[in-house]
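User: Please take me through the core and the strands of the structure below, one question at a time.

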Amino acid sequence: MSGSIDPRELLADPAQAGAYFIDARDARALADAAAELEFAVARVDFAGCADKDDALTRIAAGLRFPAWFGHNWDALNDCVNDLSWWPAPGYLLLIEHAGPWQAEHGEDAATLVEILNDAAQDWAKSRIAFWALLPLPQAELEQMAP
């Protein structure tokens, strides 16, 4: 993150929101900025995450999904596009320690990022920012660069 950009300004812009892999060193500043904006902030720890079902369970807990959550991709899509049980002016989902899970479950990771990106675009239509950030150590981020 550039020191010249106020993270609150960035986070408050729904048009910029989406699912992003970020430098883990920026995660705290972004979470603090989201809290200052009174966003709903959900931290989900993927350390030791076993598979898709485990990932969905962790996300459901972090975003306080209702009991009717169906624990599949369609249900995840429905819930991240609703969030009526957790009204807020914006949302920040931090999926921490996701690198090993992503490396082992690449197809599921791609599906997850796609669903979260689509949700951000849908929320932006209502002028609400929905961010899904996956902090990674700098070395892992550099390996992902094209």
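**Contacts and core**

User: Which residues does Phe46 touch, leaving aside those up to four places away in sequence?
Analyst: This is a predicted model, in which local features need pLDDT of at least 70 and side-chain atom pairs count only at pLDDT 80 or more, while totals for chains, interfaces and linings use all residues. Residues are numbered from 1 along each chain as its sequence is written, and side-chain values use heavy atoms, with hydrogens and water left out. Taking contact as heavy atoms within 4.5 Å, Phe46 touches Ala55, Arg58, Ile59, Ile95, Glu96, His97, Ala98, Trp101 and Leu112.

User: Which element gives the largest share of the largest nonpolar core?
Analyst: A nonpolar core is a set of buried Ala, Val, Leu, Ile, Met, Phe, Trp, Tyr and Cys residues joined through side-chain atoms within 4.5 Å, where buried means under 20% relative accessible area, exposed over 50% and partly exposed in between (1.4 Å probe, protein chains only). This core has 52 residues, of which Phe46, Phe65, Leu76 and Phe130 touch the most other members. Helices (H or I, at least four residues) and strands (E, at least two) are DSSP runs numbered from the N terminus, and among those giving two or more residues are strand S4 (129-136) and helix H6 (106-125). The largest share, eight residues, comes from H6.

User: Why is S4 largely enclosed by the rest of the structure?
Analyst: Ala129, Trp131, Leu133 and Pro135 point one way from S4, and Phe130, Ala132, Leu134 and Leu136 point the other way. S4 is largely enclosed because, of its eight residues, the number buried is eight.

User: In S4, what is the bridge partner of Leu93?
Analyst: Two strands pair if DSSP finds at least two bridges between them, and S3 and S4 run parallel, joined by five bridges. S1 also pairs with S4 in the parallel sense over five bridges, and there the partner of Ala19 is Ala132. For Leu93, the bridge partner in S4 is Ala132.
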